[in-house]
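Q: Hi! Could you walk me through the aromatic rings in this one?
A: Happy to, let's pull it up.

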Amino acid sequence: MFILFGIASLLGWNALLTEIGFFIHFLQSMKPDISFGFLNYILNITFLLILSWKKNIFSLKFQLIVGILGSIAFLILIPLFTLILEKDSKTNIIVTGGLVVLMGFINALCSGGFFNLVSNFPLEMIVALSTGQGYSGIVMNVIQFIILFSFNDDSEKSIIIQAWIFFGISVVILILSFIALLASFNMNYFTFYLSKNKIEVKQGLLASEAGHEDIEEAGESPAPELSLYELTKKVWDLDLLILYTYIVTFALFPNASIHQKVFEIPENYSINTVITIYNVFDTLGRYLVGKITPTKKINTIVILGRSILLFTLVFNYYCQEAGWNRVLTTILLFINEALLAATNGIGTTLCFALAPNEVEDEYKGQVGTSISFYLICGIFIGACTAFGTDAIIGTFKNE
């Protein structure tokens, strides 16, 4: 179930990313491969900051339910308005861009809510949810490949039909996740850990359902809420590490990655191939964390070591534009993408796995807020940095 929650927590963004070719086709001047990441996290980061100050605005249950239902709504509205408005028009760019911005609020509710939820559970559940986030991208890629092979047609009519099939399947997955979420609220396993950490998931603490009367009594005096500043002081090193992790990731992915050629295959297959490699190795990295003893030393080495990819992946783009052997540059692209993804998955999971150990038991459920906030900050800064990356690789095209 936590794997399914992981899939749902990032499915909205992964769906947009996987169908980025659709949006590039209809909104080419908008450069969706760069602008979507930037737009999606403007409101996302703003909301998380407000939420960290006003912790009682939304309950955990409200965040999760509205997060999933909102994702369903936006996965219908965004492609709908992209199609019904004039292709690549200013109105289309403004409306679609506005919807992507609003979806950032929903993504913040969904991803932040699930990370706060899993912070109350044992390490294996944190790894399961993080691995599920990796599966989220892979599931989207598999669906996309099946659709591409089924049509094998790049006409505009085919692109539209493929997009609606893809987003329709994505919505079905979210509906199943929503049903699973509602069911989890009544499971003894969930009520035991949430009550133990004084998290209210519905009217009453439900500790009695798990047969633990002492926990029910403890639930009557919840621990005081810590501010973002107080949480940051406790896990500042992990906050900085996850911030840097996502600055590097979004500076290079998707823009500098998906525009590199994969052998001589068509662009739509090429884009999905690169995204698939990223998602597979990101998932593998998250899974591997469950096979090792998490330490800050390993985390620091992995995250800082990936800095070299800022040079090697961009240099590979230059090599392709300079006419180097296509097979060689494709293999090097795969290696760079695999390393970028695996280190992202490892770093992310380690930060979330280590953070609860840095605070007292009563604050374990709160520390996810701090890590989530700096993760989103990293994505936003990385998305801004991607404009610079695009300018750099743009100079290679002119040579």
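A: Here is a short chat about ring pairs, burial and a charge over a ring.

A: This is a predicted model, where local features need pLDDT of at least 70, side-chain atom pairs count only at pLDDT 80 or more, and totals for chains, interfaces and linings use all residues. Residues are numbered from 1 along each chain as its sequence is written, and side-chain values use heavy atoms, with hydrogens and water left out.

Q: How many aromatic pairs does a search of the whole structure find?
A: The search finds 33. Rings of Phe, Tyr and Trp (its six-membered ring) pair if their centres lie within 6.5 Å; planes under 30 degrees apart are stacked, over 60 edge-to-face and the rest tilted. Phe2 and Phe190 make a stacked pair, with 5.3 Å between centres and 10 degrees between planes.

Q: Are Phe2 and Phe190 buried or exposed?
A: Both are buried, meaning under 20% relative accessible area; exposed is over 50% and partly exposed is in between (1.4 Å probe, protein chains only).

Q: And what about Phe149 and Tyr269?
A: They form a tilted pair, 5.4 Å centre to centre with 45 degrees between the planes. Phe149 is exposed at 57% relative accessible area, whereas Tyr269 is buried at 11%.

Q: Which residues do ring pairs link into a cluster?
A: Among them are Phe2, Phe5, Phe114 and Phe190.

Q: New topic: what lies over the face of Phe26?
A: Lys87 does, 5.8 Å from the ring centre. The cut-offs for a charge over a ring are NZ of Lys or CZ of Arg within 6 Å of the ring centre and within 35 degrees of the ring normal.
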